[in-house]
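Got the viewer open? Here is a short tour, one selection at a time.

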Amino acid sequence: MTNLEELITNIELCSKADGYNTVTFPTLKKLSVNDVLTGRELADLELDVPFPCFSDVATIWSSVSKYVRQQLLKRKPRAVRVTGLGTFHLQKWLSFENGEVLTFQRPVFSLSRTVAQIRGLQHASVSVPGEIKQVSVNYKKIHSDIPYSEEVVQNCMQETLNFFYFILTNREDTDFILKDIGTLAIRGTEVTMAFCEDFLLSLNKSTYVVEKLFNKKWVISDKEATLSLSRFGRVHQFPQFEIRAVPRTASLTDEEICAEFESALSSMGIRGNVHGNKSD
C-alpha cells in the first residue's frame, strides 16, 4: 500500500527546498494514518466514528461524486462545477433510427483552466448553455452526508487537488476517478473524460442508447480509458493515492524513461538509482 504520509512529507520538503511556495497537506496528514484514528484526532476532525486510512479521503470524494450525480440526474439537470477540477453538464441529442427519433442525453466534461494550464493539456472546453443552471459542489451538503466537518471536507478536496497538480507538474500520467460517474484520464498532454456504463444507463434508461453512445464515440467507456497506455508504464490514481501499472507506450527509449523517472522522483524528494549499480 502506498505510504501517503511519506509521499506528502517528501513533497512538502521538496517545495520548500526548491524555493517554491511551500505546499502543505495538514488535513490529508490527519486522514492518512495507517491505524484507526485516536480519540484526540477524531475530536480534531470532528468525526463521529473512527475510519481507517484512505477510506477517509475516498469517503469524502465518493460523497462529492454522489452530489454531482444527483445534480445531473435531476428532472431539470444542472451543470456542476468541481472547483479546481472541471464542470459537468448534459447535452440532449436526437438520433434517427429505423424511422424513429431517439432522444438521449450525453454527459459533457470541461476541464478547469487551472488544470489545463499546468502543462498545456489538450482538452476541448464546451460552454454550458445559458438556460442550464450552474452550481458548485456544496460542501455543506456533502458534510451532512458523512461524519466529517465542512472544513475537513473542503480542505481534503483542495489538498487532494494540490497533490494532483503536483503530479501533473512532473509530467506524470493520472486517473482521477469519480465514483459511479467516470474517470478523468490524463496521458501526456491528452485528456479523456470517460464515463461509467451504469451512469449512462441512469441518464438514458436504454441499453441500446448507451451502446450507441460508445459505438459512435460520443462518449468513452471508463474501462477503456483506464487501460490507456502510459509513457512510464504507470498511472497515479486519485483519490486513492495509488500507483497502478499499465501498458507502456513505445514512444520513449528505456534511457529516456529512466531519465524522466529519476527527474520525477527527485522532484518529489525521493532519491534512487533507477539504472542500478554497474560493476567495474
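What span should the 18 residues of helix α4 (residues 55-72) have at 1.5 Å a residue? The expected value is 26 Å, and the end C-alpha atoms sit 25 Å apart, so the two agree; the expected span is 1.5 Å times one less than the number of residues. Helices here are DSSP runs of H or I with at least four residues, strands are E runs of at least two, and both are numbered from the N terminus.

Before moving on: this is a predicted model, where local features need pLDDT of at least 70, side-chain atom pairs count only at pLDDT 80 or more, and totals for chains, interfaces and linings use all residues. Residues are numbered from 1 along each chain as its sequence is written, and side-chain values use heavy atoms, leaving out hydrogens and water.

Stay on α4 and color the buried residues (under 20% relative accessible area, 1.4 Å probe, protein chains only): among them are W61, Y67, V68 and L72.

Next, select F88. Its contacts (heavy atoms within 4.5 Å) include V68 and L72, plus F109, M193 and F195, not counting residues up to four places away in sequence. F88, F163 and F164 touch the most other members of the largest nonpolar core, which has 59 residues. Such a core is a set of buried Ala, Val, Leu, Ile, Met, Phe, Trp, Tyr and Cys residues joined through side-chain atoms within 4.5 Å. Helix α7 (residues 150-169) gives this core its largest share, eleven residues.

Last stop: P129, in the loop between α5 (113-116) and β4 (134-136). Measure to L90 yourself: 39 residues apart in sequence, 9.6 Å C-alpha to C-alpha.

Definitions and conventions
Buried < 20%, exposed > 50% of the residue type's maximum accessible area, 1.4 Å probe, protein only.
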